[in-house]
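Colleague: I have a few questions about this one. Can you put it up?
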There are 2 protein chains.
Amino acid sequence: MSRSKPTIDDVARVAGVSRATASRVINNAPGASGPLRARVREAVAELGYRPNEAARALASGRPRVVDVIAVSCNLPGGWLGSNPYYSRVLAGMMPLLEGTGAQLRVHALSHETAAETLDEIAAGVTLGAVLSDITPPLAARFHRLCRRVVSLVPTAATVPAMVADNIGGAYTAVTQLHRLGRRRIAAIHGPAISTCAADRRIGHLRAVQRLGLAEISADGAFTREGGYHALQRLLELHPDLDAVFVACDLMAAGVVQALTAGGRRVPEDVSVIGFDDSVAAVCANPPLTTMRLPVEEMAAAAVRLLLHGDVPPGHRELFPAELVLRHSTGRLTAA
Amino acid sequence: MSRSKPTIDDVARVAGVSRATASRVINNAPGASGPLRARVREAVAELGYRPNEAARALASGRPRVVDVIAVSCNLPGGWLGSNPYYSRVLAGMMPLLEGTGAQLRVHALSHETAAETLDEIAAGVTLGAVLSDITPPLAARFHRLCRRVVSLVPTAATVPAMVADNIGGAYTAVTQLHRLGRRRIAAIHGPAISTCAADRRIGHLRAVQRLGLAEISADGAFTREGGYHALQRLLELHPDLDAVFVACDLMAAGVVQALTAGGRRVPEDVSVIGFDDSVAAVCANPPLTTMRLPVEEMAAAAVRLLLHGDVPPGHRELFPAELVLRHSTGRLTAA
DNA sequence: GCTTCCTGTGAGAGCGCTCTCGCCCGTATC
DNA sequence: GATACGGGCGAGAGCGCTCTCACAGGAAGC
C-alpha cells in the first residue's frame with residue numbers, strides 16, 4: 001500500500017510465485033521456466049521494480065563496483081584538475097561496464113590520506129581496483145591486501161599491470177628526431193617520483209647512447225611552466241640545440257612557447273616532440289608530434305581482466321606507444 | 001576462527017559488549033560512554049575491523065554515494081576523453097567527500113542509453129546526483145524521479161543548479177575586446193544543443209548590440225577542428241576582422257592555429273579570447289586570454305548542498321566567470 | 001520507602017536480497 | 001506396479017549491519 005519502493009517480495013506476490021523464483025528470473029538464472037518467467041517479468045514491469053543494490057551486494061557477497069584510484073604523484077590536486085588523462089581512463093572503462101551493471105567508483109587521493117583509504121577500499125567489496133596513478137610502495141601494499149588490482153602505471157613487479165611502453169616510446173621519439181637530421185637533441189624529463197617519467201628517461205638515455213649523441217637534459221615536473229623554464233635553462237647552456245624530446249605534452253606546450261619567445265622557429269630551427277597525445281599536443285601551436293599512449297585501451301583491458309575473474313599476480317601487458325606526426329617536427333620527408 | 005573478515009559481532013564479543021553498543025561506538029553515536037568506548041575501539045583496532053558498506057546501506061537505508069552524471073551533449077565519447085572539464089568537476093568534489101565516507105560514482109552516458117540508466121540511478125540509493133552535462137529534457141525527467149539533484153549546466157528551470165554565468169562571461173569577453181580597440185569582432189559559437197553554448201551566444205549578442213557592432217559569427221561544435229575551420233570560413237567572408245570571441249578554449253586553440261596558418265599574428269593583427277580556462281588555453285601559443293569558470297567551486301557547492309540535506313527545487317546559484325588575461329589579447333594597457 | 005525519571009546497555013527485529021536445500025511431481029527404468 | 005531419477009519450484013536461513021524498544025540500576029523528588 002505504501003508509496004515505498006517495491007521489493008522482490010512484491011514482485012513475487014504479484015506474479016504468484018515464490019521469492020526464489022522471482023530472483024531466478026530477475027537474475028536470468030536457470031531453474032525457472034516458460035510461463036513463470038513471463039509472469040515475473042510482467043510483474044517487474046508493472047511495479048517498476050528495481051533490485052536494491054545494497055541488498056544484492058550483502059546477500060551475494062559478490063561486488064559490482066570497480067574502483068579507480070589515483071594517488072597524485074605530482075602536484076597535490078592540481079594534477080588531477082589539469083590532466084585529461086583521467087578522463088581518458090574513465091572513457092576507456094565506461095563502455096565495458098555499461099552492460100554488466102557494475103559501477104565505477106572514483107578515488108582521488110593525496111599522499112597523506114592514501115594509505116588509510118587504500119586499506120578501506122581493500123577491506124571493502126570491490127570487483128577490483130584500477131590504479132591509474134600511484135607509487136610502487138603504495139601499489140605493492142594495496143596488492144598485498146587486495147589481489148584484484150590492475151595498475152596502469154609501471155609499478156612494483158608483483159602488481160598486475162597494463163602498462164604503456166614508455167621506454168620504447170621515448171626511444172622511438174629520440175630516434176625520430178635523429179632521423180630528421182637533428183643531432184643536438186635535448187630532453188626534458190618528468191619528476192623522478194613518477195615511474196613513467198623514470199621509464200621515459202631510460203628510453204631517452206638508451207637512444208642517446210645508441211645514436212652516439214651528447215646527453216643534454218633538464219627536469220620539468222610535468223607542468224607547462226616546468227617545461228617553459230626547463231627549456232630556458234637548456235637554451236642558455238646549449239644555444240645550439242636543434243631538437244627537444246619532452247616527457248609530456250603539457251611540458252612540451254611550454255617548450256614551444258619558450259622557443260617562440262626566445263626567437264626560435266618550430267620546427268624550422270628546433271624540432272619538438274612530446275609524449276601522451278593529450279589535448280595539449282593538439283592545442284599547441286604548432287601542434288605537437290607526440291607519442292600516443294593507448295590509454296583507453298589499457299583501461300579497458302584492465303577492466304576486462306577484473307571483470308573476467310582472477311588476476312594472476314605479476315601479470316603484465318605492454319602497450320606500444322605510437323608516433324603521431326604533427327607539425328612540431330616538420331615534414332617527415334625532410335629527413 | 002575463519003580467515004574471513006571480522007564482523008561487528010566479533011568486535012562486540014572481543015570487547016565484551018553487545019552489538020548495539022559496538023555499533024554506537026563505531027558510528028560515534030551517543031549513548032555509549034567512557035570505558036566501553038575505549039574497549040570497543042581497542043577491539044576494532046585489534047581485529048582490523050572495517051564496517052561492511054553494503055550491510056550499512058541496507059540496514060540504514062541511508063545512502064553514502066554521490067553520483068556524477070554526464071550525458072555527452074557532444075561527440076559520443078570523444079568529448080569525455082578530450083575534455084579536462086570532468087577532471088575539474090571530480091577534483092572539486094573529492095575533498096568534500098573525503099571526510100564523510102561518501103563515495104563518488106561516475107556515469108558517462110551516451111544519449112541512447114541515458115534514459116534507462118538515469119531511471120536506474122534515480123531508483124537506487126544515492127545521496128544525490130550531480131549532472132555535469134545533460135540536456136534539459138533528460139535533466140527534468142531525472143529530477144522528477146529523484147529530488148536530490150544538482151546540475152552544473154543551465155537546464156530546466158525546476159532542476160536545482162550551480163551554474164556559471166555564461167551570458168555575463170560572454171558579454172565581458174566581447175566588451176574586453178572592444179576596450180582593446182577592436183571593432184570587427186567575430187564570434188565562434190558552440191553547438192545549439194548545449195545550453196552553455198546557447199547562453200554564451202546570448203551574451204555575445206547582447207554585447208554586440210550594446211556596443212553597436214556588426215554581428216559576425218560562425219559555429220564550431222566545441223572541437224579544435226571546429227574552431228579551425230570556422231575561422232577559415234570567417235576569414236574568407238570577413239578578411240578584415242580584428243578580434244574573435246570563441247565559445248570554448250579548445251576551439252580557440254584551433255582559431256589561433258588557423259590565424260597563424262593564415263598569416264595573421266596573434267594578438268598584433270587579431271585578438272583572440274576563449275572560454276573555460278582549460279589546459280587548451282594555457283597550451284595554446286600564444287596562451288589564451290579566456291573566461292575562467294569556477295568549475296571546482298561549483299562542483300564543491302553542489303556536493304555541499306547534497307550532503308547538507310534537502311535540495312530546494314528551482315534553487316539556483318550563479319557563479320561569475322572571471323577574465324583571465326594572457327597573451328592572445330595583447331597588453332591591456334594598449335587599449 | 002515509594003514512585004518517577006533518567007542514562008546506559010542489550011536483545012532482537014528487520015533491511016531486501018541470494019542461495020541452499022528439500023519437496024513434489026512427471027518421466028524413465030526394471 | 002515399484003523404484004529411481006531429475007527438473008521446477010518454494011521455504012527459509014542467512015548476509016552484516018542499524019535502530020527501536022525494553023529493561024536495569026542509580027539519582028532525584030515526595
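Modeller: A residue is near a strand if one of its heavy atoms lies within 4 Å of it. Keep in mind that this is a predicted model.

Colleague: Which part of DNA strand C lies within 4 Å of the protein, sugar or phosphate, or bases?
Modeller: Sugar or phosphate accounts for 62% of the atoms of DNA strand C within that distance of the protein, and bases for the rest.

Colleague: Which residues come nearest to DNA strand C?
Modeller: Ile8(A), Ser23(A), Tyr49(A), Arg62(A) and Thr21(B), out of 27 residues around the strand. By class, the residues of that surface are twelve nonpolar, nine polar and six charged.

Colleague: And which helices supply at least two residues each?
Modeller: Helix H2 (19-26) and helix H4 (53-60) of chain A, along with helix H2 (19-26) and helix H4 (53-60) of chain B.

Colleague: What does Arg19 do in each chain?
Modeller: In Arg19(A), a polar side-chain atom lies 3.4 Å from a base oxygen of DNA strand C. For Arg19(B), a side-chain N or O atom is 3.2 Å from a base nitrogen of the strand. Ser18(B) instead places a backbone N or O atom 3.0 Å from a phosphate oxygen.

Colleague: Changing topic: how many helices and strands are in chain A?
Modeller: Chain A has 14 helices and twelve strands. Its radius of gyration is 25 Å, well over the 20 Å from the globule rule for 335 residues, so chain A is more spread out than a compact globule.

Colleague: What does the C-alpha trace span along its principal axes?
Modeller: About 85 × 35 × 35 Å for chain A. Of its 335 residues, 55% count as buried.

Conventions
Residues numbered from 1 in each chain as written. Chains lettered and ligands numbered in written order. Predicted model: local features only at pLDDT ≥ 70, side-chain atom pairs only at ≥ 80, totals over all residues. Heavy atoms only, no water. Polar contact = N/O pair within 3.5 Å; in protein donor to acceptor, adjacent residues only side chain to side chain. Helix = DSSP H or I, 4+ residues; strand = E, 2+ residues; numbered from the N terminus. Nonpolar A, V, L, I, M, F, W, Y, C, P; charged D, E, K, R; others polar. Rg over C-alpha atoms; globule rule 2.2 N^0.38 Å. Buried < 20%, exposed > 50% of the residue type's maximum accessible area, 1.4 Å probe, protein only.
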